[in-house]
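The following exercises concern local geometry, burial and packing in a predicted model. Each task is followed by a solution in steps.

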Amino acid sequence: MVFNLDNLYFFNMKLRSFTLQIFNPELTIPFYRDILGFKLKNEFSEDDATYYDLYLESVHFHIQLKYSPSLKKSPYQQESIDNYWKYSLFVEDIQKIYEGLQEQNHTIGEPYQFGDIGYLSHTTDSENHQIEFIQKTFKNNTLEVTNSPEQKQTALGLLTIRTKDPLKSIKFYEDILGLKLLVRMYVTRTNGFTLYFLGDKSLQTPNPDIDALENREWMYQQSHLFIEIQHYWNSEYDAEFALKAKQNNGLQSINFLGDLPLLKKRLKTNNISFHQNNNKITFETIDKHLITLENSIQQPV
């Protein structure tokens, strides 16, 4: 796939949210509100589905839950070959989160420092979507957490997806969706994998080296939603390996705001098929992740 970079400087897209399929809103909305501390900011219906937009303190990024009453109930079951894995929340004190969820009788894994990746803990929502908590500092830096209001806020930090070909996938997100590769981490566990973290081009890491250790804690301290891409080593050379995109379950779409006419031009130039419905456009990445973009540019009268 060849990408035309003409007018890239003027191309403006902003990652805003991602959409998960749910089957029991009466149970799931209270979980996000009462257990995780999200606020329901918007509820609307479109076609045969109801959508719930849930925010933390920062209203720049949100989780969108989609309920389709016509679908047969089918709780999400995580598999290592899914093209979607999890999402992460950046927190000030992971031990307080751990103790708080235990007090509410919600199952959560004990926090642990995972190498030089991060200080982590894991749980699931009421529909079995994987949730990862990441402390904003490594375990040995816990006492260095500041008392500023921004530092204390929990942030919606990562959407983690998978790719079979990282070079093509990263190029797609950078050249078509306008994101920037900021951080990279290598993990030798099992057969090994690499994690790539992409965010807004306006962000500046402390070190321009994407492998630099200091960039990791910096990333966890941002009130920003990043896309994390996991790549299993050598999977691009395995003809029998294929990532699974689950229909009507798990991750439904990754959602942007931006200049719709410019995006259409870019997609046409690169022979990427899309569908437009009024003020919104949808298309797929090379790993079958559905992208939606809602136009944020006012058209001349």
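**Exercise 1. Determine whether Asp47 is buried or exposed, and describe its backbone.**

Step 1. The relative accessible area of Asp47 is 74%, so the residue is exposed; exposed means over 50%, buried under 20%, and partly exposed in between, with a 1.4 Å probe and protein chains only.

Step 2. Asp47 sits in the loop that joins β2 (39–46) to β3 (49–55). Strands (E, at least two residues) and helices (H or I, at least four) are DSSP runs, numbered from the N terminus.

Step 3. Although Asp47 is not a glycine, its phi is positive, about 55°. Most residues other than glycine have a negative phi.

The model is predicted: local features need pLDDT of at least 70 and side-chain atom pairs count only at pLDDT 80 or more, whereas totals for chains, interfaces and linings use all residues. Residues are numbered from 1 along each chain as its sequence is written, and side-chain values use heavy atoms, with hydrogens and water left out.

**Exercise 2. Describe how helix α2 (residues 94–103) is placed, from its buried residues to its two ends.**

Step 1. Ile94, Tyr98 and Leu101 are the buried residues to consider in α2. Viewed down the axis of α2, the buried residues fall within an arc of 75°, so they line one face of the helix; the arc is that of the directions from the helix axis to the C-beta atoms.

Step 2. Lys96 and Glu103 are exposed on the other side of α2.

Step 3. The cover over the buried residues of α2 includes α1 (25–35), β5 (84–91), β7 (118–124) and β8 (130–135), where contact means heavy atoms within 4.5 Å.

Step 4. At the N-terminal end, Asp93 caps α2, with a side-chain oxygen 3.1 Å from the backbone nitrogen of Gln95. A polar contact is a pair of N or O atoms within 3.5 Å; within protein, one must be able to donate a hydrogen and the other to accept it, and residues adjacent in sequence count only if both atoms are side-chain atoms.

Step 5. Just after α2, Asn105 takes a positive phi of about 60°. Asn105 belongs to the loop between α2 and β6 (112–114) and is exposed, with a relative accessible area of 74%.

**Exercise 3. Classify two of the eleven aromatic pairs in the structure.**

Step 1. Rings of Phe, Tyr and Trp (its six-membered ring) pair if their centres lie within 6.5 Å; planes under 30 degrees apart are stacked, over 60 edge-to-face, and the rest tilted.

Step 2. For Phe31 and Tyr32, the centres are 5.3 Å apart and the planes stand at 85°, an edge-to-face pair. Phe31 is buried at 6% relative accessibility, and Tyr32 is buried at 0%.

Step 3. For Phe172 and Phe283, 6.3 Å centre to centre and 40° between the planes give a tilted pair. This pair links distant parts of the chain, 111 residues apart: Phe172 is in helix α4 (residues 166–175) and Phe283 in strand β15 (residues 280–284).

**Exercise 4. Which residues touch the most other members of the largest nonpolar core?**

Step 1. A nonpolar core is a set of buried Ala, Val, Leu, Ile, Met, Phe, Trp, Tyr and Cys residues joined through side-chain atoms within 4.5 Å.

Step 2. Among the 55 residues of this core, Tyr32, Tyr87, Tyr173 and Ile254 touch the most other members. Strand β1 (residues 13–22) supplies the largest share, five residues.

Step 3. A second, separate core of 22 residues includes Ile117, Leu182, Phe193 and Tyr232.
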